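Trainee: I have the model open. Can we go through some strands and salt bridges?

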Amino acid sequence: MALIRRVTEAARSGVDPEALHVAALAMMLYPTSGGNHLDQSISYLQSASRLSERPAQILADLAAAHLMRARATGSPRSLYEALEAADRALELEPTLAPARFNAAAALDRMGAAEQAREAWSRYLAVDSTSGWANEARRRRARTTIPRPRPVPARTADRAELEAYAAAAPSGAREFGWDDLLREWGAAVITGDSATARKRLEQAEVLGAALVRRRGDATLADAVASIRVYAGGRAGLRGRAQAHVDLAEGRRAMVATNYRVACPLLHRAFRDDAPASLREWAQAFLGFCSMFSPNTTTMDLVRVAAESDSLRYPAAAGRKWMALASARYRGGRYEEALAAYGRANRLFQRAGERENAATARMNMGYTQSLLGQADAGYAHLHEALGVLREYPGLLGLWNGLYALRNMLLADGLPRAAMHVQDEAVAMSSRIPPSLEAETRLARARLHLSAGRRGIDADLGRAVAIMSGVDKQYMEGWLRADLQLTQAEAWLSTRPALATEKLDSVVEYFEGNAPRQLPALFSRAQARLALGLQDSAGADLRRAATVLDGQRAHVSSAQLRASLLEQSRGVFDQAVMLSLRAGRPEEALDYVERSRSSFSAVGRAADWSSRPLRAPRGQVAVEFALVGDTLLAWTLWDGGLQLTRRTVRRVELVRTAERVRSALELRAPVEVALPALQSLFDELIRPLRPRLGAAGTPLTIVADGELAGLPIAALHDRERGRYLVEDHPLRFASSLRDPAGLPAVLAKIPLTLMAAPTFDRRIFPELQPLPGASAEVQSIARQHLGARVLDGATADAATIRAAFRRGGIAHFAGHAVFDDARPERSFLVAAPGSAPGASARLTAAEIEGMELHGLRLVVLSACQTSRAQAGRSGGFAGLAGAFLAAGAGGVVGSLWRVDDGFTRELMENFYAAYLTSADAAGALRQAQLHMLRSDDPTFRSPAAWAGFRYAGG
């Protein structure tokens with residue numbers, strides 16, 4: 001404890017990355033009784049890695065902290081974060097032993113056995129003598145690589161077949177239908193009665209064994225219907241042909257050859273076929289109706305509901321899977337999740353654990369699209385643990401595909417590459433079309449990481465595609481190949497890249513996730529050719545497509561990842577516009593690069609709103625383009641651009657140093673030089689255009705700068721903070737609406753304080769006695785305020801309070817998710833309803849209708865936290881409330897002290913409920929603390945963490 005205090009004080013005294021590093025290690029080794037040591041350690045290590053000029057060892061220890069958190073919380077996502085941090089360290093120092101060990105440990109716990117074994121060997125190549133080396137040898141020795149379970153030989157006796165049915169009920173059922181009954185049918189057609197008799201007897205043994213273990217009875221019923229068939233020899237040949245058609249149709253479907261599969265399955269689905277055969281034909285036709293352009297769409301809801309789920313649970317499960325897939329492809333994720341859950345339960349009833357795992361895998365990915373990330377990772381991780389035992393199963397490939405997409409959306413590209421490598425390693429066991437898709441996906445991952453060695457993957461994909469079914473898959477794969485080739489040629493052969501991308505853009509019309517990268521790449525190629533007008537048309541089209549994605553549940557995830565992909569293209573257009581002497585056009589490009597992440601830019605007429613400052617205010621928009629700092633200043637009737645060359649890395653590092661110093665409550669003299677340096681960089685060149693003292697400023701900034709406590713930037717010449725001269729309002733875009741303050745009259749005020757949380761669910765969180773005191777103090781000043789405290793502040797009641805409108809004040813715990821801000825959440829009391837969630841996530845809040853909510857005050861940690869990148873200025877909870885229609889949000893940039901917060905909030909409400917001007921009221925509260933007799937209150941650490949965003 002004493003060591004932690006001493007090291008933490010050292011970290012505060014100079015915001016030294018090495019001191020932060022040591023403080024984090026001390027917390028990891030000697031955890032306090034509070035329980036929040038791992039989260040705090042990770043926060044320190046993240047800050048230290050950003051501040052350090054040689055961060056490899058810090059990143060290796062960050063990987064260790066994530067592994068510890070994974071062990072403590074059971075969070076699969078922490079494993080992938082550990083792998084990402086370890087790989088980042090190895091990119092800097094390839095032989096760093098701790099990073100190699102932690103990478104191997106993460107892969108081991110992920111269940112990627114083959115990669116884990118190789119990673120342990122790579123570790124032992126740099127350390128073969130230490131105690132850690134002995135541990136690595138033990139782990140490598142116990143890592144087993146699953147092999148596909150062999151099906152019984154055609155000479156297998158009854159005991160072997162029954163043992164196979166007991167060990168692998170799904171495999172036994174498929175072996176019976178796809179092999180034995182197909183061969184029985186072929187033998188009947190050719191007149192080979194001996195083979196027909198033998199195969200039917202073997203299928204009968206398997207079917208009976210499955211029924212005895214209460215599995216799916218379709219195989220047993222199919223054999224029984226053949227035994228009692230009385231339709232004569234000609235009719236029996238028709239029955240035999242139906243079985244052959246069913247098996248061959250399913251084989252073609254697994255190979256994604258729907259042109260062949262669907263007609264065969266239709267032939268098998270004949271009126272005189274027994275119920276068991278029709279069940280499977282109908283289940284497979286459900287998938288055909290989605291994938292084959294020439295197949296009539298089935299009423300999948302009716303088909304699934306009419307299944308005999310008691311006797312035929314596996315066949316019914318397949319039908320519910322088809323329905324779920326159709327709902328998923330249509331963007332109806334909630335319905336898809338319910339159908340996948342039904343399929344999971346049916347497969348479990350049938351004892352088919354790998355098929356149940358496939359359903360859970362799909363549940364997990366769908367949950368991630370619904371913003372239920374923790375549950376999504378948990379389901380997917382559990383499912384992959386089962387599916388890796390069946391390395392030839394397509395469910396494993398689909399699970400790896402889903403996991404890769406989740407990791408990319410989470411900003412974990414290195415972990416995603418490991419997953420993609422595992423998928424490529426399945427090449428010999430998956431259909432050729434899927435191998436080609438997998439190779440192309442890996443090639444694009446290499447390109448996005450700046451690596452050009454993609455010839456092997458591209459060559460293999462081209463070779464495979466020569467034999468792929470022309471009608472269905474080749475069109476998709478051809479577009480995929482052309483996109484990958486074009487991205488590889490952007491810098492060297494832009495004309496050829498443009499030619500390729502023309503057809504790709506049109507082919508993927510209506511498929512936003514695929515079309516948008518093609519539009520961005522074509523814009524980049526056109527810019528390289530000097531075709532700025534054409535490039536601008538692509539960027540405007542992309543912005544329109546992005547804006548159309550707002551209706552999708554997954555839009556926050558999609559918008560953020562795609563906007564970061566597009567940033568480089570928009571930045572090129574900005575600089576070309578500036579070189580052409582068109583600063584307003586350049587500003588429009590910057591605005592468009594933010595548009596689809598804009599928290600409040602939802603209206604259809606967003607792009608038509610003028611770029612101007614709110615009346616009576618001055619607006620400043622900052623953008624970092626490489627080492628160029630751009631600042632547009634707008635006022636009534638005027639616009640001016642200030643352009644300066646800066647050292648981007650140093651500027652961002654200074655911003656991080658300031659934030660860390662104030663969050664750690666370092667002495668003023670530690671943070672002041674950096675605050676003055678940032679004032680000189682950002683504000684001093686603009687001062688002549690900021691208006692007289694008291695002029696409100698609207699600030700729009702990139703994520704790298706949006707996290708700055710701009711109110712605390714300090715003018716060394718006059719000895720004043722910026723907030724002493726101007727009220728500050730923050731916006732995600734200059735096109736955000738900004739209304740003038742109005743008189744408050746009979747507007748309800750709801751105060752929510754310190755929700756009672758379950759320490760088993762949130763072991764890292766501490767009680768907040770200061771929050772209740774804060775709310776009670778405000779309530780005493782403003783009679784009529786409604787107070788929700790402790791157990792009464794449950795999620796349902798808080799939701800109702802937000803929908804009630806007026807003014808909502810939340811004083812409690814908030815958790816910010818750096819990787820996926822839409823997963824940030826407010827912590828609520830558990831509530832009495834069974835299974836009620838104790839979290840209100842940003843994704844959920846964004847989907848609410850909150851236009852009656854005039855102001856939200858989030859008196860909690862990191863509720864207005866910024867994320868790096870152009871899209872990040874309004875990440876998380878503050879942006880979610882604005883997106884839902886709230887008029888404005890007061891939120892925090894870092895972990896705030898509840899003692900300081902109470903003083904600030906009391907003074908804020910005293911001013912706001914009189915003036916109705918939130919930006920002005922926050923400034924008055926900050927000035928009150930700045931003029932306090934208490935030096936700790938005068939420090940920016942006490943008052944600069946809060947800011948106002950909105951109209």
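Mentor: Start with a cut-off: buried means under 20% relative accessible area, exposed means over 50%, and partly exposed lies in between. Arg353 has 38% relative accessibility, so Arg353 counts as partly exposed. Keep in mind that this is a predicted model.

Trainee: Which residue meets Arg353 in a salt bridge?

Mentor: Arg353 lies in helix H19, and its partner lies in the loop between helix H20 and H21, so the pair ties together parts that are 36 residues apart in sequence. The partner is partly exposed, with a relative accessible area of 41%. The N to O distance is 2.8 Å, and the partner is Glu389.

Trainee: Is Asp410, the salt-bridge partner of Arg77, buried or exposed?

Mentor: The closest N and O atoms of Arg77 and Asp410 are 3.6 Å apart. Arg77 is in helix H5 and Asp410 in the loop between helix H21 and helix H22, so the bridge ties together parts 333 residues apart in sequence. Arg77 has 9% relative accessibility and counts as buried. Asp410 has 1%, so Asp410 is buried.

Trainee: In the sheet of E11, E12 and E13, which strands stand at the edges?

Mentor: The sheet is open and antiparallel, in the order E11-E12-E13. An edge strand has a single partner strand, so one side is left without a neighbour in the sheet; that holds for E11 and E13.

Trainee: What is the bridge partner of Gly888 in E16?

Mentor: Strands E15 and E16 run antiparallel and are joined by five bridges. Phe946, Tyr948 and Gly950 point one way from E16, Arg947 and Ala949 the other. The partner of Gly888 is Gly950.

Conventions:
Residues numbered from 1 in each chain as written. Predicted model: local features only at pLDDT ≥ 70, side-chain atom pairs only at ≥ 80, totals over all residues. Heavy atoms only, no water. Pairing = 2+ DSSP bridges. Helix = DSSP H or I, 4+ residues; strand = E, 2+ residues; numbered from the N terminus. Buried < 20%, exposed > 50% of the residue type's maximum accessible area, 1.4 Å probe, protein only. Salt bridge = Lys/Arg side-chain N within 4 Å of Asp/Glu carboxyl O.
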